[in-house]
Amino acid sequence: GRLSEEKGLGVLNAAWQRLPNIRLLVAGTGPLEDMSWNSNIETLGHQTPDEVHALMAQAQVLVVPSICLDAGPLTMLEAFSCGTVVIASDIGGMSERIRDGYNGLLFHAGDAEDLAAKVRYAFEHPEHLAQMRVNARREYEDKYTPERNYKMLMAIYEQAIENAQRRRRKAS
């Protein structure tokens with residue numbers, strides 16, 4: 001990802017000060033890649049899409065701490081495709097895609113203490129985390145596969161054609 005202020009990296013770093021026994025991997029580049037990170041955070045720099053997918057598949061959770069409105073980061077859908085739980089800010093498209101406690105967890109945007117509490121909860125409740133992983137994958141299969149999106153797009157086209165034909169008939 002892009003390592004910049006609006007992505008909530010300050011919040012992420014502050015949250016990990018409260019999580020000394022949980023290791024965090026940060027992939028990406030950007031203006032904040034040289035910031036001073038906590039000792040339990042490892043920066044990986046640029047990763048290829050295949051490397052990111054492999055990291056997500058191995059991860060317990062994906063954290064999306066954005067403090068800006070985001071339509072819904074692609075990384076969330078990529079995590080769902082791996083069955084990886086997403087812990088995200090409760091703003092924008094992130095809060096529309098995450099059903100808190102079902103396929104991920106939401107925290108108050110900009111609140112490092114709340115983020116740390118959600119991460120801690122996920123790691124202290126492995127049974128719930130395992131169920132959320134199943135639900136995250138189910139969410140991907142139900143809504144975001146290429147086949148599902150193709151069907152949705154074709155339905156939109158069909159509706160648009162039907163509406164255009166209806167307008168033409170009315171105009172005649």
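Let's start inside helix H6, which runs over residues 126-143 and holds Leu-129. Bear in mind that the model is predicted. Leu-129 has a relative accessible area of 5%, so it counts as buried, the cut-off being under 20%. Its partners from outside the local stretch, skipping anything up to four places away in sequence, are Gln-60, Val-61, Val-85 and Ala-122. There is also a C-alpha to C-alpha distance to look at: Leu-129 and Asn-103 sit 8.8 Å apart in space, with their positions 26 residues apart in sequence.

Stay on helix H6 and you come to Arg-133. How does its exposure work out? At 22% relative accessibility, Arg-133 is partly exposed, because buried means under 20% and exposed means over 50%. Arg-133 has a list of contacts beyond its sequence neighbours (again leaving out residues up to four places away): Ala-57, Ala-59, Gln-60, Cys-82, Gly-83, Thr-84 and Val-85. Gln-60 and Val-85 turn up in the contacts of Leu-129 and in those of Arg-133. Leu-25, for its part, is 108 residues from Arg-133 in sequence, and their C-alpha atoms are 19 Å apart.

Now for helix H1, residues 9-17, where you'll find Ala-15. Its relative accessible area is 0%, so Ala-15 is buried. Not counting residues up to four places away, Ala-15 touches Ala-112, Leu-115 and Ala-116. Ala-117 is 102 residues away from Ala-15 in sequence, yet the C-alpha to C-alpha distance is 8.6 Å.

Ser-66 is a loop residue, placed between strand E3 (61-64) and helix H3 (74-82). Is this loop residue buried or exposed? Ser-66 is buried, because its relative accessibility is 2% and the limit for buried is under 20%. Setting aside neighbours within four places in sequence, Ser-66 is in contact with Glu-6, Lys-7, Gly-8, Ser-89, Ile-91, Met-94 and Ala-109.

Here are those four residues side by side:

| Residue | Relative accessibility | Class |
|---|---|---|
| Leu-129 | 5% | buried |
| Arg-133 | 22% | partly exposed |
| Ala-15 | 0% | buried |
| Ser-66 | 2% | buried |

What about the aromatics? The count of aromatic pairs is zero, taking ring centres within 6.5 Å as the rule. A ring does come into play with a charge, though: Arg-99 lies over the face of Tyr-102, 3.9 Å from the ring centre.

Stepping back to the whole chain, there are seven helices and five strands. Following the sequence, they come in the order α-β-β-α-β-α-β-α-β-α-α-α. The C-alpha trace spans about 70 × 40 × 30 Å along its principal axes. What share of the 172 residues counts as buried? The figure is 39%.

As for how the chain folds back on itself, take the contacts between residues at least 6 apart in sequence: 54% of them join residues at least 24 apart.

On the outside, the chain exposes about 9,900 Å², and 52% of that is supplied by carbon and sulfur atoms. For charges, the tally is 19 positive and 23 negative side chains. The centres of these two sets lie 11 Å apart.

Notes
Residues are numbered from 1 along each chain as its sequence is written. This is a predicted model: local features need pLDDT of at least 70, side-chain atom pairs count only at pLDDT 80 or more; totals for chains, interfaces and linings use all residues. Side-chain values use heavy atoms; hydrogens and water are left out. Helices (H or I, at least four residues) and strands (E, at least two) are DSSP runs, numbered from the N terminus. Buried means under 20% relative accessible area, exposed over 50%, partly exposed in between (1.4 Å probe, protein chains only). Contact means heavy atoms within 4.5 Å. Rings of Phe, Tyr and Trp (its six-membered ring) pair if their centres lie within 6.5 Å; planes under 30 degrees apart count as stacked, over 60 as edge-to-face and the rest as tilted. A charge sits over a ring if NZ of Lys or CZ of Arg is within 6 Å of the ring centre and within 35 degrees of the ring normal. Accessible areas come from the Shrake-Rupley method with a 1.4 Å probe; for residues, only the protein chains shown count as cover. Lys and Arg count as positive and Asp and Glu as negative; His and the chain ends are not counted. The place of a charge is taken as NZ of Lys, CZ of Arg, CG of Asp or CD of Glu.
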